[in-house]
Structure formats: C-alpha cells, structure tokens
Amino acid sequence: MSYSLDDEDAASGVLRVVIGDDPPERLDKALAAAVPEEAALSRSRLTKMIAAGDVRKEGQAVTDPKARVLPGETYELVLSEAVEVNTQPEDIPLDVVWEDADLIVINKPVGMVVHPAPGSWSGTLVNALLFHCGDTLSGVGGEKRPGIVHRIDKDTSGLLVVAKSDRAHHGLATQFERHTVNRHYVALVHGMPSAADPRLRGVKGVSFENGGILKIATHLARHKTDRQRQAVVWNEGRHAVTRVRVLEAYGHPESASLVECWLETGRTHQIRVHMAHVGHGLIGDQTYGGKRRVAAKAVGEGAAEAANSFPRQALHAATLGFVHPVTGEELQFEAPLPPDMRALTEMLRAVE
C-alpha cells in the first residue's frame, strides 16, 4: 500500500491510496486497511464518503462499499472540509483540566447534560465545547463537533475526555472499547459493603478479591417495564464488571460509607445498578436507591437529614487515565469531590 498527498492534492483535498497486496475484497474494508493512520479516516467515515461519491477510481465515483478491489488499484478520496453542525455554541463556563490540539479533559459539574437530546437541546457540554473550542475543532466524522467517546450522567460530576480531532477520536474510542482506560469513581452509599457480611457473599454475581475488594459481575440490559432504567440480568444484555473498595465508614453501626468504584466495563448506570443490586444503593439516587434511609441514631439528626435529602446520586468521576491517542503520553487526571459531596462527607465524618 502507498498513498500521497502532494501540494496540488492538498489544495484540492484529495488523498490518493494505492491498494497493496492481498487486500480485503470489499472496498470499504480495503480502504480502511490502506489509508494512513494520520489521515484519521474510520471505516464508518469511509462508508459515508463512498455513498456520497467522494471515492473515485480512474475519475469515476465508486458508490458501492462492497465493490471488489484488486492489488495495485489507485483510489482518490475527496476530503471535504468539516461542515458546521446545527448545535449552537453557548458561552457556558467550563472547568478545563487539560487541553491540546487533539483533546480536552473537563471536570463536568452536576446538572450538565453531556450531549443534546430531546428535552435538553441547549446548555449541554457539547454546546459549551463548541463555543470554547471554536476553530480549534478540526472535525470528527466530517463535522466540526467534539468527539464524545464516553458520558457521565447529568447528575454525576467529574472527569470526561473529549476528542477535538478525528485522529484523537479514533484512538480514544479504541481504548474505551478495549477497556484500557483507567476510570475510578467515588460514591456515598447506604451501609458498608464488607467481606464479613454473609448476606453479601450470598448475592449472585458477587465475589471478593484480595484486600477486601468487592467484585460485582453481571449482565446489564434495559429494564423490561421502565425503558429509562437498566437492570441486572443473566442470560442477555451486556457483560458488566465493577470493583468496589471502602474508603470510610460512617455511623455506629455503619449507616453509610464512602467507596471507590472502578470499571472494567462501562455500561449505562453501571455503578448505580450494581450497588443497588448488592444492597448498597447510592445516597440520593431516586432511580435505583430504593427507600433506604440513613439512620439518625447512627449518625445524628443533622447528618441523617442531609444524607436523606441529598438531591442527586452521590457519585463523582474522580480519576481518569489513558494514553494520549496522538503523542503516546500516559495521562492521569484527578478531580476533588464537588462541594455538595464534600460537605456531606464532613457531616458524616463528624459523628463521634
């Protein structure tokens, strides 16, 4: 395989690719294997280009992604400039932890939706990023938009990495797919998950590892009657693994605890569903937390009232680590507890 992008080609936005020996038979697969990594053209992007007539052979557009290719054939890929998206930029303050030409790491506040959706078309992280990044967005998937490779819930705070370029988007997406991204969350939960608890050892999907680390392994799928929720299942859905370590316990007896959770997989609502499954739902979680309350006799009236009226799931994406998809540098970021969780932990910690 070879490719070229000389001055004349660059001016017209054309990438020439020569198919090498023993290529995949389909055009979309052959091009995906042949284009240089630095061109940052995913197979899905190439498929769109083929459909749009932006892939040519001998001056003629080839619009069938299943078209057969042969070694030595030359294809011209018309690289259109990234187009503007309909989502409007909004001047919303952002807590930027890291930024370079290819990616940006944000400490997302509580209450911010990541991506526009019905009922939340404005005020989202994407709206804010379009304003903040402006012309530094080189385009993801042919559009001038930030590349969202993972999300955290509206009422969960903490770290989120977003791609600003196609090459970063592809590299980050691959790391998330391979579960090599290091993501640790901190949560306030009801009770204290302990290896000494015989009830917990009897819960399906639960095991304990060295150091008293709780491992929860189930499948997750949409709830059969409430499509906004996820549920633990066993014979369908997607494999999900969460590990949990107790950081602090509060009350006499333990009525609440601060735990660290890290994800082997990243499924929707995974921590919230798994902690509810083992009987230690998140404080403030109106969807999965059930009716359990922190006992006033264990932590005092003030702390109990603060915990039982906490307005959101007490969950924070505290650490995020990954390999920079362009430079290869290993990056690790930390975000302190947000004010509301910090205030609650201090009240619970004050119990004599």
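**Figure 1. Helix H4 and its buried residues.** Leu125, Val126, Asn127, Ala128, Leu129, Leu130 and Cys133 are the buried members of H4, shown here in a predicted model. Helix H4 spans residues 125–133, and with seven of its nine residues buried, the helix is mostly covered. Do look at how the helix begins: a side-chain oxygen of Thr124 comes to within 3.3 Å of the backbone nitrogen of Val126 at the start of H4. At the other end, H4 is followed by Gly134, which has a positive phi near 55°.

**Figure 2. Helix H7 and the strands that cover it.** Helix H7 takes in residues 270–277, and six of these eight are buried, so the helix is largely enclosed by the rest of the structure. Which residues of H7 are buried? They are Gln270, Ile271, Arg272, Val273, His274 and Met275. The cover over these buried residues includes S12, strand S14 (213–222), strand S15 (230–233), S16, S17 and S18. As you leave the helix, you meet Gly279, which follows H7 and has a positive phi near 85°.

**Figure 3. Strand S12 and its two antiparallel partners.** Strand S12 runs over residues 182–190, and eight of its nine residues are buried, so the strand is largely enclosed by the rest of the structure. One partner is S18, joined to S12 in the antiparallel sense by six bridges. To find your way along this pairing, start at His184, which stands opposite Thr319 in S18. Another partner is strand S17 (residues 256–263), which is antiparallel to S12 and joined to it by seven bridges. Here a handy landmark is Leu188, whose bridge partner in S17 is Leu258. S12, S17 and S18 also appear among the elements that cover the buried residues of H7, so readers may like to view this panel alongside the previous one.

**Figure 4. The hairpin of S13 and S14.** In a regular strand, side chains alternate between the two faces of the sheet. Strand S13 (residues 206–209) has Val206 and Phe208 on its covered face, while Ser207 and Glu209 make up the uncovered one. S13 pairs with S14 through four bridges, in the antiparallel sense. Ser207 has Lys215 as its bridge partner in S14. Three residues lie between the strands of this hairpin, and within the hairpin Gly211 takes a positive phi near 85°.

**Figure 5. An aromatic cluster with Trp98, Phe322 and Phe333.** These three residues form one aromatic cluster. The count of aromatic pairs comes to two. Phe322 and Phe333 form a tilted aromatic pair, at 6.1 Å centre to centre and with 40° between the planes. Phe322 belongs to strand S18 (residues 315–323) and Phe333 to strand S19 (residues 330–334), so the pair ties together parts that are eleven residues apart in sequence. Are these two phenylalanines, Phe322 and Phe333, buried or exposed? Both Phe322 and Phe333 are buried.

**Figure 6. Gln175 and its contacts.** Gln175 sits in helix H5 (residues 166–177). With a relative accessibility of 12%, Gln175 counts as buried, because the cut-off for that label is under 20%. Its side chain reaches the backbone oxygen of Val323 at 2.7 Å. Beyond residues up to four places away in sequence, Gln175 touches Thr180, Val181, Phe322, Val323 and Pro325. Phe322 will be familiar from the aromatic cluster with Trp98 and Phe333.

**Figure 7. The surroundings of Asp153.** An unreviewed UniProt entry carries the annotation "active site" for Asp153. Where does Asp153 lie? Its place is in the loop between strand S10 (147–148) and strand S11 (157–163). Asp153 is partly exposed, with a relative accessible area of 24%. Leaving aside residues up to four places away in sequence, Asp153 touches Lys108, His269, Arg272 and Gln313. Of these, Arg272 is one of the buried residues of H7.

**Figure 8. Arg238, and a lysine over a tryptophan ring.** Arg238 is found in strand S16 (residues 238–250). Arg238 is exposed, at a relative accessible area of 54%. Its contacts, not counting residues up to four places away in sequence, are Thr218, His219, Leu220 and Arg267. The C-alpha atoms of Arg238 and Thr265 are separated by 9.5 Å, although these residues are 27 residues apart along the chain. For Lys204, the charged end sits over the ring of Trp234, 4.4 Å from the ring's centre.

Definitions and conventions
Residues numbered from 1 in each chain as written. Predicted model: local features only at pLDDT ≥ 70, side-chain atom pairs only at ≥ 80, totals over all residues. Heavy atoms only, no water. UniProt positions renumbered as here; feature names shortened; annotations may be inferred. Buried < 20%, exposed > 50% of the residue type's maximum accessible area, 1.4 Å probe, protein only. Contact = heavy atoms within 4.5 Å. Phe/Tyr/Trp six-rings, centres within 6.5 Å; stacked < 30°, edge-to-face > 60°. Lys NZ or Arg CZ within 6 Å of the ring centre and 35° of its normal. Polar contact = N/O pair within 3.5 Å; in protein donor to acceptor, adjacent residues only side chain to side chain. Pairing = 2+ DSSP bridges.
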